[in-house]
Amino acid sequence: MKRHLNLAISGAVIAVVIVLPLLVFAFARALNSGEIAPNVNVAGIEVGGLGEEDALNRLRAYETRLVQTPAVFAVKTESFTLSPAEVGLDADEETAVAAAMEARRDGSFFDQFSAWIRSFNSPITIEMTTSIDPEALEGVFEEWETDAIGRAPNPGGFSVVDGEIVPEYPEAGEGLDRAAAASLVAESLHLPERDIVILPTQLVVPRITAADVDDAVAEARLVVDGPVTLAATDPEVSITVTAETLLAALRSRVIQNSESRIAVELDPDVMAAALEPFRTQVEHPPRDAEFEILENPPEDEDEDEDPTFTVVLKPSRQATLLDVELVATAVRQVAAGTDTGTLPFRYGEEAEFTTEAAEAMGPITMVSEFTTRHPPGEARVKNIQLFADTIDGTIVWPGETLSLNEAVGERTIEKGYVPAPMILQGEIVDDVGGGVSQFATTFYNAVFFGCYEDVAHTPHSFYFSRYPEGREATISWREPDLVFRNDTDALVIIDTAHTSRSITVRFFGNTGGRTCETETSGRYNYTEPQETFEGDPSIAPGEQVIDSDGWQGWSVTVTRTITEA
C-alpha cells in the first residue's frame, strides 16, 4: 500500500514538471503577444522583448550610426575618406523588424513551445540589408580614378569647346575593377566597425568604339542645329528653346550595358534656367467644365424664324504646372527631328466641376423660353435691360435657390438705373429702377414652363394687359422678391436677351423629361374699387374732386400640371 502511494506521488511530480513550463510558456506568449520573441537580434542588435515601434527606433539609431561613420578606401597609393551619406547608404529596418516579429512564432503550439525552450541558449540573428545608390557610387569611383590613377581610361564621348562639338575617342587605361570595388564598398558600409579597404584596379578597355563617337557627334549636331518649339492648345501656350541654349546644355554620357552606347543628353540644370521664364505662361489654375450656348443661324435667312441653340460642353482641366524634366525630355526628342512638338504638362489640382460631373447631368438643352414686349424708348426699358444683363449667364446648381433681389442687389443710380414708373402703395410713381417687374414676370414664366419649383412670387396689385392673366410677378427692393429652386439633378443656365421692344428669358438644363401644362380659369369673384380720400391743399374745404374712377377687380386661378418622365 505504501509503495503504491509513492508511485502515485512520483507520477504527480512528473506531471507538474511537464505542465508547469507549458503554463509558463502559455502565460508568457499571451503576455508578450505584441513583442519580439526572446534572444532575437538584428545585425547583432538585441531586439528580443521589444515591441515593433521600439525595435524600429533601436535599428534606426543603428542606421544613423552606419551613415555617420566614415569609411576609408585606398586606390593605388592614394587613400580616400567616404561619407556613407554621399552614396545614399540606406538600411531596411522595416523588413528586418517584420522578420524578427515572426521569429519563433510559426508552427503549432508545441512547435512554438520548443522554440521558446531553445531561446534560452540559442539566439536567432536576423540580417538587415543595406543598399547604396549605384549612380552616386559611380561618380565617386570616377573622381577617385582621376585623382589616384595616372592613365585613367577615356570611355569616349564629346565635349563642347568654343561653341563647337569636339569628339573624344575612347582610350584604354587603368581603372578600378568596378564590380569588385562596388562589392567591397558595400561590404564595408554594411557594418559600423570599418578598416581601410584596398580597392583593386585593372586594365580597362572601353567598349565604345570610334564609330560610336562619330554617330553621337552627328546626332548632337542635329540636336543643336536650330531652335526647338513646343506648343499646346489647352492652355494655349508656345515656348521656344534657342540653338544657343541647346548647345550650352549639350552633354554626352556613356551607358554601360549589354550594348554600350553614348547617350546625347541635355543638362537638366541648364534647361531649368532656360525654361523658368516660361513658367507663368505654362502654369494655370484648374478650370471648371463649362457649357457654352451657341445660337444657330437660321436655315432660311429670309424667314423670320425663332432662333435655335446648341449647348457645347467645354471640358474641365486640372491645374497645369511646368515640369522641367518632362519639357526637357520633349525638347530632346524633337530636337533631332522636326524641331517642333507638343508641350507636355504636369497636372495638379482637379477642377471643382469636372467633365465627368457635367456629363453625368445628361444632355443640357433649352427647357423653357418666355418673351414679353414693351414700347421702345421708355425710361423703364433701360432698367429692364440692365437687370437682364446682370442675370444673364447665372448658373443655379442642383438643389440651389435663386433670389432675384439677392442676385441683382439694390437698383441705384450708381449702377446705372434710372427713375421710371412703378407701383408704390397702390399708386404709380417714379422711382429708381422702376419697371423691372416686367423682367420678373418674364423670368417667372420661364420658371413656370421650365417645370421648376416656385418658392416665392407676388403678383402685381394692378392688372397689366401686356402680361399673361394670373401668371405674372412683381419685384421691388427688398420686398417683394422672386425666388425659385432648381429641383433637378442638372444645373440651370439662365440666358437673357433683349431688343428695343422685348425682353426674353431662356432656361437651359435637363429636367429629366418633365413636361408642363397650364390652364387658366375664367374671371370670378369680381370686386368693386374701394374709395380712398387724400388731402389736397389746392381744393377748397369740403369740396371733392375725383382723381380716378378706378376699375373693377377679379380673381383667376392658374393651374400648372407637371408630369414626370
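## Overall makeup

The protein has 15 helices and 34 strands, and what you're looking at is a predicted model. Of its 565 residues, 36% are buried. Take the contacts between residues at least 6 apart in sequence: 72% of them join residues at least 24 apart.

What follows goes through a helix pair, the disulfide, two sheets and one aspartate.

## Helices α13 and α15

Let's start with helix α13, which covers residues 379-391, and helix α15, which covers residues 437-449. Two packed helices are described by the angle between their axes and the distance between the axes. Here the axes come within 8 Å and cross at roughly 45°. That angle is neither under 35 degrees nor in the 65 to 115 range, so α13 and α15 count as oblique to each other.

Which residues make the contact? On the α13 side they are R380, I384, F387, A388 and I391, while α15 brings in Q438, F439 and F443. Sorted by type, the residues of this contact come out as six nonpolar, one polar and one charged.

## The disulfide

How many disulfides does the structure hold? Just one. The bond joins C451 to C516, with an S to S distance of 1.9 Å. C451 sits in the loop between α15 and β27, whereas C516 belongs to strand β31 (residues 515-520), so the link ties together parts that are 65 residues apart in sequence.

Are these two cysteines buried or exposed? C451 is buried, and C516 is buried too.

## The β24-β28-β27 sheet

β27 turns up again in an open sheet of three strands, ordered β24-β28-β27 and paired antiparallel. β24 (401-403) and β27 (453-456) are at the edges with a single partner strand each, so one side of each has no neighbour in the sheet. On average, neighbouring strands here are turned by 25° against each other, if you ignore direction.

Zooming in on one of the pairings, β24 and strand β28 (residues 483-485) run in the antiparallel sense over three bridges. If you want a residue pair to look for, L402 has F484 in β28 as its bridge partner.

## D481, in the loop before β28

Where is D481? This aspartate lies in the loop between β27 and β28. Its relative accessibility is 13%, and the cut-off for buried is under 20%, so D481 counts as buried.

Leaving aside residues up to four places away in sequence, D481 touches S403, L404, N405, A456, H457, T458, T474 and I475. Two of these can be placed in the sheet's edge strands: S403 falls within β24 (401-403) and A456 within β27 (453-456). There's also a C-alpha separation to note: D481 and A440 are 41 residues apart along the chain, and their C-alpha atoms are separated by 8.9 Å. A440 itself falls within helix α15 (residues 437-449).

## The β2-β1-β6 sheet

Another open sheet of three strands has the order β2-β1-β6, and its pairing is mixed. β2 (45-46) and β6 (124-126) are the edge strands, each pairing on one side only.

In which sense do β1 and β6 pair, parallel or antiparallel? Strand β1 (residues 40-42) and β6 pair in the parallel sense, over three bridges. One residue pair to check in the viewer is V40 with I124, its bridge partner in β6.

Technical notes:
Residues are numbered from 1 along each chain as its sequence is written. This is a predicted model: local features need pLDDT of at least 70, side-chain atom pairs count only at pLDDT 80 or more; totals for chains, interfaces and linings use all residues. Side-chain values use heavy atoms; hydrogens and water are left out. Axes are lines fitted to C-alpha atoms, for helices over the stretch in contact, and angles run from 0 to 180 degrees between N-to-C directions. Helices (H or I, at least four residues) and strands (E, at least two) are DSSP runs, numbered from the N terminus. Angles under 35 degrees count as roughly parallel, over 145 as roughly antiparallel, 65 to 115 as roughly perpendicular and the rest as oblique. Contact means heavy atoms within 4.5 Å. Ala, Val, Leu, Ile, Met, Phe, Trp, Tyr, Cys and Pro count as nonpolar, Asp, Glu, Lys and Arg as charged, and the others, Gly among them, as polar. Two strands pair if DSSP finds at least two bridges between them. A disulfide is a pair of cysteine sulfur atoms within 2.5 Å. Buried means under 20% relative accessible area, exposed over 50%, partly exposed in between (1.4 Å probe, protein chains only).
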